Structures are given as structure tokens and as C-alpha cells.
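Dear colleague,

I am passing on the structure we spoke about, and I would be glad if you could look it over alongside the notes that follow.

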Amino acid sequence: MQRRPPKPLLRDQQIETLSRETFDLAIIGGGITGAGIALDAAARGLKVALIDKGDFAGGTSSKSTKLVHGGLRYLEQFHFRLTREALLERALLHRLAPFLVNWCGFLVPTYRDKYSHTRVEIGLWLYDLLSRSSNTHRHHTLEQDQLFNLAPQLRRQDLTGASQYFDCMTQDSRLVVEVIKTAAEHGALVANYAAAVGFFKQNREIKGIEVVDLLRNTSFLLRASQVINASGVWSDQVRQLDFPQVQARIRPSKGVHLVLKRKQISCQSAVLAPSVHDVVIGGPTDTDYRKELDHPLAEAADIAYLLDALNWIFPEADFEEKDVVTTYAGLRPLIQSPKAHPKDVSREEAIFESDSGLISIAGGKLTTFRIMAERLVNRVATKLVKSKGTGISRRSNTATISLGGGAISLKDELLKKNLDSLLEEYHVEPNLIIHLIKQYGINYREILQIIAEDDGAARPLAPGLPFVQAEAIYSGKYEMALQLEDFLARRSRIGLCHPNPSPGTLELTAAGLGKTHGWTKTEQQAEIQKYSSRPQMGQEGSRSEAEDGR
């Protein structure tokens, strides 16, 4: 297949252009929603800018359950249209980014006085039906011996039946980064650590964003014909920059996850949540949240609730709090609703526009980001076509735009002829090539080229994990990873699996990023000290970057 060469994301150049030019569309928020809008708009020919006060995917978009799914439980609430749409988007994302979106089996055991097996089977048949031809993996019932071969530690008492169905796993933060990189390939200008602090208005209409560059402590005016607020749970805060007395539209819901060592659960299929490298993710919770938005915490009650759920389904495991590797907490930007419990609130998005022209989008879910962006840009494009005329497509083409430099099949790429050629050319282990393809798609060859040019770049970054120093070098140049946390927590999964990396991991990562950013040894040590002194993710005193650009 033809390969699209990656485009370096050099932040200083991006900031300089953002401060100098005028854009059709300026987006506040570098999570999955803002990234999707940037790609859709740029691919239609619009001149697009995107800013975020933290790192890309620094908030909710890196704190998910790591699934691309239809939402089986939404069927209980009769949200058939949303489920059908999400299932179609699941199939589309698997086609556009097969290296990032992978099928995963899920077990659904049923127990007396818990769930009716018949009811679950009806729900799974409906789930398959709604996915229609997009579902190549249909559910099936399991005999007890099949079930306990897959999950020998599963609860046996009062078991009434079991089924296995299929959804897709993803690396949520990498999905965001790949979408942003693809938007940049189509001409979008992007910058992280650039905060929106106000709006510039002409004749009471918003025509720009007052931005502070948080890394250089400078400010500039980002001029745009249309400003989009895609800041998730921070949407109301951004709207208050426009009109301080604005009525709140967001109902934040906290989702907490536990991370446990994979070896503690003997299970070949996901039950509560999927596994990632050598850890298993358990969760999430779904509770209303009324505290400070930038720092959601996994509190004692959240941890106890999830441990109780795990111990009920895996009674032999006898999990305790000391078994938790780490926790993380994210906030869902639900739309205000009279529903008593957040789990009953629809996950559909809402778009609303202020008198000054600020368009805000909130709600939705990771899986449906592409179609959400399409609907919003349709609305904006109609307005801009009238003022700009030709050169803007009224129709989205993101359903045909692959991520990661081009859709890549792991099976095709690793045909024996190809694999032998790669091993001979780059002198690396086959497992490293497989890992790089799963992380970067067709751009894995860029990392292999870095290894070929730098003898030390193939060094593993963390024990038991496949990541190598060349990935830090690549992320610094092509993915705007500016700090250790950007790479460890969001460009890789090292921070998830090893929340307290060893000094060796930190030194190798700092050296890799330093090669791109020109850090001296002193600057590398300063980065290590900054990362080491950060509070733990999702726990007391944690720092959870907002994905909102404020």
C-alpha cells in the first residue's frame, strides 16, 4: 500500500503561525471530540486551528475504559438509534485504524437473582442485529466447561448461564493523537499547552480567542471566523468566558477505573474490562461529580465499590486495596437531565450556539466522535460556504480517511517475505515490529529508521513492556510530546502499567525526548524531577490535565 509520510509537529512553528494568520475554524479542546472536528473540517478544505491548555487527550479522552463499542447496556434504556450508530462507527474505525481498534471477546455470566440469562440473550441477539453486516463477530452461548476454561476463577455459585459477545478495544489517547496527526496532515494547525482565557469580539460576535502560551508565558490573539467549544466537562467554563451568567448545560459524571496485575486474574476473555499488556483494567463507576473539574480523584468509596464487584465475580481472587497498581478517574460531559442517576442519562451529544456565535458541543462518547464531528462541521460549513464561496466541501469524507499513515493489516504486513526483509534490514526482533505496527500503523517504519540511525534507540524503556527509546524520539518530533508525562501517560502505556517508573526508564525516556527537543543533561534531569514529583494519577492530590484548551 502507498504510505503517507508523517508530518513533524513542531510546536514553536505552529504557535507562530497560529498567532499570525486568520482561520476559518478555531477549536478549543484537544480531546477526541476536538480532534475529530479538526480532521473533518481540515479534510473539507477549511483552515483549522486547535488549542488545548494541557496535552492532547490529557483529560477524559485518556481516562476511558479503552473500548470502541456499541454500548450493550444502552439497550436497557431503549437507546436503539445511539447503539446502532455506535456499532456502525465501531466497524468503520476498525477499518480505518485496524492497528488501533481490535476485536475483543467479553464474557457475560448470569446468576440467580442477578440477571436473567434469557434477557441477556435477547439483548445480545438485538446487539448483533443492530450491527447488521458490520459485525463479523457474533455472540454465542457457552457451556459451563467452555466458560471455566476461559475464566477458571469466575464465580460458580448460582450460575444460570453464560454468553460471549464481541466489541473492540483501543488505546484511547493514541487514537486522539493519531486523529490530530491526520488533521495536521490535512493542514490543521495544532498546539498543546495553549490556554483560552477570553474571546475577541467584533460587533458582539466572537471573532477570535485570547490565548496564553503556558510554556513560554506569552499571549496572542487567535483570529477565526468561527470558534468551536469542544472542551468536554469544561464546556460551561468556556461558555462563561463568553457570557458569565450562562446557564449550566453539563452534568459531570465520574468514571473511576482500577488497574490490577494481569497475573492476578486467570481469564482469557474480558469480563468487567479488557487487559492491557501486563495489567487488567476494572471499572468504571458512574456517579455524579460536583467537585473541582481538573482533578477528579478515585476516592475510597470508589475503590471499595470496584473491589467488591471484582471479588463478587472472582471470589477466589480476594482482591484488596494493596493489589491495586494504580487508579484513574475521568469525567463524562453528560448533558443536564432530570434522570436520577447518571447511568440513565443519554450519551448522545448536544450542540448549542450562543448569541455571540460560540458553538459548543458536549455529550457523546469516544466511539462516535467521527459522526459527531461530521454533524457539527456540516452546520459550520453551511455558514462558511455562504461567506467564503467555493473551496469548501459541504460533505464529510472522514469515512474514507485512514489513520496512522494509512490503514494497515498486521497479517499482510507480516507476510513471511515482508517480515524477513524487515528483520534483515533493521536487525530487530519480530515482536518489536509487531508492537510498533500496533502502536503507529504504517508509521512504524519511521521508528525502525530511527533505530537504524541510532545504535541505542532500540533499548527497552521499561522491564516487561515492548516500548523502546526510538518511540520517545519519534513522539517528540511527530506527536508534540513535550514532557515526560506526555509520552509515558499518553503516547505510550508505560505510565498505566508502571505508575512509578524506574530511574532507568525515566532517564532513557528523557534522553529520547531530549534528542528531539535539544535538552541538555541538566534539562533532562529537571524533566525527570518534575515527573517524579507529580502526584499519582487519579489518587489524592493527582493532576489530571483538562482536555479543554482553557
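A residue counts as exposed here when its relative accessible area is over 50% and as buried when that area is under 20%. Please keep in mind that this is a predicted model.

By that cut-off Asp113, with a relative accessible area of 79%, is exposed; Asp113 sits in the loop between strand E4 (102–111) and helix H4 (117–131), and has a positive phi of about 70 degrees although it is not a glycine. Asn217, at 68% relative accessibility, is likewise exposed, and although Asn217 is not a glycine either, its phi is positive, at about 55 degrees. The loop that holds Asn217 runs between strand E9 (205–213) and strand E10 (218–229). I mention these because most residues other than glycine have a negative phi, and most peptide bonds are trans.

On the second point, the peptide bond from Gly283 to Pro284 is cis, with omega near 10 degrees, and Pro284 belongs to the loop between strand E13 (279–282) and strand E14 (287–288).

Finally, there is a helix pair to look at. Helix H12 (residues 430–440) packs with helix H14 (residues 469–478) at an angle of about 25 degrees, their axes being 12 Å apart, and since angles under 35 degrees count as roughly parallel, H12 and H14 are therefore roughly parallel to each other. The crossing of H12 past H14 is right-handed. On the H12 side His435, Leu436, Gln439 and Tyr440 make the contact, meeting Glu471, Tyr474 and Ser475 in H14; the residues of this contact comprise three nonpolar, three polar and one charged.

With best regards

Key
Residues numbered from 1 in each chain as written. Predicted model: local features only at pLDDT ≥ 70, side-chain atom pairs only at ≥ 80, totals over all residues. Heavy atoms only, no water. Axes fitted to C-alpha atoms, helices over the stretch in contact; angles between N-to-C directions. Helix = DSSP H or I, 4+ residues; strand = E, 2+ residues; numbered from the N terminus. Parallel < 35°, antiparallel > 145°, perpendicular 65-115°, else oblique. Left-handed = near helix turned anticlockwise from the far one by under 90°. Contact = heavy atoms within 4.5 Å. Nonpolar A, V, L, I, M, F, W, Y, C, P; charged D, E, K, R; others polar. Buried < 20%, exposed > 50% of the residue type's maximum accessible area, 1.4 Å probe, protein only.
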